[in-house]
Amino acid sequence: MHSCLNKLLYLLWPYFVYILCSSDKAEVIPGYDFTVNSVWPEMVRGLEEKVPSLFNPGNPDMFHEKYTVTMEFVRKFEWQCASQASVKRLRSHSAYKSFNNKWSLPVYYQIRFKEIAGNLETSMSEGLKEAPDGSEFRLSVTHILWQNLLKCWADHVYLPPLAHRFWKLTLQLLARYSKWIDECQFIGVVGGLPLPLHRPTLPTTDVLIFRQIIDTLLE
């Protein structure tokens with residue numbers, strides 16, 4: 001996908017050079033922006049016809065890659081516009097808005113939400129299971145929480161237009177973990193069996209470790 005879009009820009013480059021050179025003298029057709037009104041609509045129409053799966057969010061990893069690469073292409077296309085006014089005309093063009101609206105970002109987020117939140121809930125159902133070897137935490141659930149928080153903002157998951165949603169998910173994960181900690185300390189048992197004396201202290205230990213990590217990041 002990336003190489004395909006780069007080739008498209010390469011093919012369009014001579015046209016952009018001609019437009020830029022012409023704009024220094026006079027408009028090719030006064031009042032008509034060829035880049036915005038002719039090149040862009042035809043280009044996106046071709047993309048939609050040649051790559052019909054472009055906007056399909058079914059595979060979140062593939063969707064993220066296609067969206068990221070395509071938005072980079074759009075930015076490079078904007079750089080080739082003859083002026084800032086041309087960029088504004090492009091962004092207000094119906095074909096530009098239609099192209100952006102076809103990306104199913106809310107659906108992509110819902111898939112990621114179920115993936116991340118579901119993973120944490122599964123871990124919580126396992127009770128006070130110990131974290132894997134090498135983890136800075138004592139409990140598996142805290143280890144999973146931290147991994148999921150990192151995943152929300154990872155380059156291969158996060159998308160700028162969804163910043164508010166991933167921030168909300170971050171707060172929801174922390175709130176859910178806090179509630180789970182309170183429940184564990186209140187009940188004191190998992191699966192109806194008394195916990196060993198040292199295990200009720202594990203959630204408190206993990207909370208302290210977690211706070212230390214956050215404080216380090218904020219320094």
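The largest nonpolar core of this predicted model has 49 residues, and those with the most contacts inside it are Trp40, Phe99, Trp103, Phe166, Leu173 and Trp180. At least two residues of this core come from each of helix 2, helix 3, helix 4 (84-92), helix 5 (94-101), helix 6, helix 7, helix 8 (163-187) and helix 9 (201-218). Helix 8 gives the most to the core, with seven residues.

Around this core, the secondary structure of the chain comes to nine helices and two strands. Read from the N terminus on, the elements run α-α-α-α-α-α-α-α-β-β-α, and 39% of the 219 residues of the chain count as buried. Of the contacts between residues at least 6 apart in sequence, 70% join residues at least 24 apart.

Trp40 offers a way into the core, and its surroundings can be listed residue by residue. Leaving aside neighbours within four places in sequence, Trp40 is in contact with Thr35, Val74, Phe77, Leu90, Ala95, Tyr96 and Phe99. Trp40 also belongs to a cluster in which ring pairs link Trp40, Phe55, Phe63, Tyr67, Phe73, Phe77, Tyr96, Phe99, Trp103 and Tyr108. A search of the whole structure finds 17 aromatic pairs, and one of them, formed by Phe63 and Tyr67, is stacked, with 6.4 Å centre to centre and 15 degrees between the planes. Phe63 and Tyr67 are four residues apart in helix 3, and therefore about one helical turn separates them; both Phe63 and Tyr67 are buried.

Helix 7 (residues 140-152) can be considered by its length and by its surroundings. At 1.5 Å a residue, its 13 residues should span 18 Å, and the C-alpha atoms at its ends are 18 Å apart, which agrees with that expectation. Because 10 of these 13 residues are buried, helix 7 is largely enclosed by the rest of the structure. The buried residues are Ser140, Val141, Thr142, His143, Ile144, Leu145, Trp146, Asn148, Leu149 and Cys152. Lys151, by contrast, is partly exposed, with a relative accessible area of 26%, and this residue leads on to the charged pairs.

A search of the whole structure finds 10 salt bridges. In one of these, Glu115 pairs with Lys151, and the closest N and O atoms are 2.7 Å apart. Glu115 lies in helix 6 and Lys151 in helix 7, so the salt bridge ties together parts that are 36 residues apart in sequence. Glu115 is partly exposed, its relative accessible area being 30%.

Arg112 forms a salt bridge with Asp61, and here the closest N and O atoms are 2.8 Å apart. This pair links distant parts of the chain, since Arg112 is in helix 6 and Asp61 in helix 3 (residues 60-79), 51 residues apart. The two partners differ in their surroundings: Arg112 is buried, with a relative accessible area of 1%, whereas Asp61 counts as partly exposed at 45% relative accessibility. Taken together, Asp61, Arg112, Glu115 and Lys151 are linked in a network of salt bridges.

A salt bridge within a single helix is formed by Arg45 and Glu49, whose closest N and O atoms are 3.0 Å apart. Arg45 and Glu49 are four residues apart in helix 2 (residues 34-50), and so about one helical turn lies between them. Arg45 is partly exposed, with a relative accessible area of 39%, while Glu49 is exposed, with a relative accessible area of 52%.

The confidence of the prediction should be kept in view when reading these details. The mean pLDDT of the chain is 80, and 75% of its residues reach 70 or more. Confidence is highest in helix 6 (residues 105-124), at a mean of 96, and lowest in strand 2 (residues 193-194), at 44. Over residues 189-200 pLDDT stays under 50, and for this stretch the model has 11 contacts beyond four places in sequence. Residues 23-28 also stay under 50, and for them the model has six contacts beyond four places in sequence.

How values were computed: Residues are numbered from 1 along each chain as its sequence is written. This is a predicted model: local features need pLDDT of at least 70, side-chain atom pairs count only at pLDDT 80 or more; totals for chains, interfaces and linings use all residues. Side-chain values use heavy atoms; hydrogens and water are left out. pLDDT is the predictor's confidence in each residue, from 0 to 100. Contact means heavy atoms within 4.5 Å. The expected span of a helix is 1.5 Å times one less than its number of residues. Buried means under 20% relative accessible area, exposed over 50%, partly exposed in between (1.4 Å probe, protein chains only). A salt bridge is a side-chain nitrogen of Lys or Arg within 4 Å of a carboxyl oxygen of Asp or Glu. A nonpolar core is a set of buried Ala, Val, Leu, Ile, Met, Phe, Trp, Tyr and Cys residues joined through side-chain atoms within 4.5 Å. Rings of Phe, Tyr and Trp (its six-membered ring) pair if their centres lie within 6.5 Å; planes under 30 degrees apart count as stacked, over 60 as edge-to-face and the rest as tilted.
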